[in-house]
Amino acid sequence: MRGPVRWVLWDVKDTLLKVRRSVGEQYCSEAERAGLKLPPAQVETAFRQAYRQQSRLFPNYGRAQGMNSQMWWTGLVRDTFAQCGVDDPALLDRLANNLYYNFCGPENWEVFPDSNSTLKFCTALGLKQGVVSNFDKRLEGILRGCGLLTHFSFLLTSEEFGVAKPDPVFFTQALMQCGVPASCVVHVGDHYVNDYLTSRSLGIRGYLLDRQNCQGHLDVPPQHRLQSLDELPGRLKQDAD
């Protein structure tokens, strides 16, 4: 027998909120303020390449190499613009630092229309809620600025914990903070491996959020899929019956 749901754990990026404009557009806006005119598509491509390399060389914000997220992100921004032909070290530093702080608050983040109502519904049901995210130390300020922070009893980020999803230890730590069996915990996220498979492997009731209905994954049954967070209340009620 499964116990009643007591907690809901949330992924954040692309689950509860998203970047307001594409990285290419936002980076180009900052470059334009510095007098540079760059094509957003070129910057977007350079960013993706730099991101893949940075993540491979220095996973989880380089914690194991003695880095922090600010060092990690500013290095990534410098590499992105360097690929686009910007070679002035002082200008690269300025762009990197400005963009890091630009993403500290709510200005460059957009909350999905179904996020607040679903979080409020979970609270009204008497459920406690927490965050389990491969995010950095800016997350608390972003959630506060977006009006979401008060919904959560705890935030667990990969930078602060030193371990990232899909390592099961990340969810094990979250379960310790919940203080209830895994079967009493729901997790919602948009990543098939990081969120769905890992949570389910520990006995957590994982749901895969697929807003664009484009993730195949035939092993994910329909009752474990969400195309909108508006569908979660019905699933929770079904679990309670």
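A pocket, as the word is used here, is an open set of grid points with protein on both sides within 12 Å along at least five of seven lines. The model examined in this way is a predicted one, and its largest pocket has a volume of about 1,100 Å³. Lining this pocket are 37 residues, and those closest to its centre are Lys13, Tyr51, Tyr61, Trp73 and Asn134. Several elements contribute at least two residues each to the lining: strand β2 (17-19) together with the helices α1 (23-33), α2 (40-57), α3 (59-62), α4 (69-83), α5 (89-102) and α10 (192-201). Helix α2 gives the largest share, with six residues. By class, the lining of the largest pocket holds 16 nonpolar, nine polar and twelve charged residues.

The second largest pocket encloses about 180 Å³ of space. Its lining is made up of Asp14, Lys18, Phe112, Asp190, Leu209, Asp210, Arg211, Gln212, Cys214 and Gln215. Five of these lining residues are charged, three are nonpolar and two are polar.

The overall architecture comes next. The chain contains eleven helices and eight strands. Its C-alpha atoms occupy a box of roughly 65 × 35 × 35 Å along the principal axes. For 241 residues, a compact globule would be expected to have a radius of gyration near 18 Å, and the 19 Å of this chain agrees with that value. Of the 241 residues, 49% are buried.

Six of the strands make up an open sheet with parallel pairing, in the order β5-β4-β1-β6-β7-β8. Strands β5 (154-157) and β8 (225-226) are the edges of this sheet, since each pairs on one side only. Within the sheet, β6 (residues 185-189) runs parallel to β1 (residues 7-10) and is joined to β1 by four bridges. Four bridges also join β6 to β7 (residues 205-209), again in parallel. Val186 of β6 takes part on both sides: it is the bridge partner of Val8, and it stands opposite Arg205 in β7.

How many of the five residues of β6 are buried? Five of the five are, so this strand is largely enclosed by the rest of the structure. In a regular strand, side chains alternate between the two faces of the sheet. In β6, Val185, His187 and Gly189 point one way, whereas Val186 and Val188 point the other way, and all of them are buried.

A helix can show a contrast between its sides, and α6 (residues 115-124) is a helpful case. Its buried residues are Ser115, Thr118, Leu119 and Cys122. Viewed down the axis of α6, these buried residues fall within an arc of 100 degrees, so they line one face of the helix. The general rule behind such a pattern is that an α-helix has 3.6 residues a turn, so residues three or four places apart point the same way. Lys120 and Ala124 lie on the other side of α6 and are exposed. After the helix comes Gly126, with a positive phi near 85 degrees.

Some backbone details deserve a closer look. Most residues other than glycine have a negative phi, and most peptide bonds are trans. Asp14 has a positive phi, near 70 degrees, although this residue is not a glycine. Asp14 sits in the loop between β1 and β2, and it is among the residues that line the second largest pocket. With a relative accessibility of 30%, Asp14 counts as partly exposed, because that class lies between the limits of 20% and 50%.

Asn60 is another non-glycine residue with a positive phi, of about 50 degrees. The residue belongs to helix α3. Is Asn60 buried or exposed? Its relative accessibility is 17%, so Asn60 counts as buried under the 20% cut-off.

The peptide bond between Lys165 and Pro166 is cis, with omega about 15 degrees. Pro166 is located in the loop between α8 (158-161) and α9 (168-178). The relative accessible area of Pro166 is 38%, which makes this proline partly exposed. Pro166 and Gln215 are 49 residues apart along the chain, and their C-alpha atoms are separated by 18 Å. Gln215 is itself one of the residues in the lining of the second largest pocket.

Note on methods:
Residues are numbered from 1 along each chain as its sequence is written. This is a predicted model: local features need pLDDT of at least 70, side-chain atom pairs count only at pLDDT 80 or more; totals for chains, interfaces and linings use all residues. Side-chain values use heavy atoms; hydrogens and water are left out. Buried means under 20% relative accessible area, exposed over 50%, partly exposed in between (1.4 Å probe, protein chains only). The arc is that of the directions from the helix axis to the C-beta atoms. On a 1 Å grid over the protein atoms alone, a cavity is a set of points where a 1.4 Å probe fits but cannot get out, and a pocket is an open set with protein on both sides within 12 Å along at least five of seven lines; lining residues have an atom within 4 Å of a point. Grid points are joined across faces, edges and corners, and a volume is the space filled by probe spheres set on the points. Ala, Val, Leu, Ile, Met, Phe, Trp, Tyr, Cys and Pro count as nonpolar, Asp, Glu, Lys and Arg as charged, and the others, Gly among them, as polar. Two strands pair if DSSP finds at least two bridges between them. The radius of gyration is taken over C-alpha atoms; the globule rule is 2.2 Å times the number of residues to the power 0.38.
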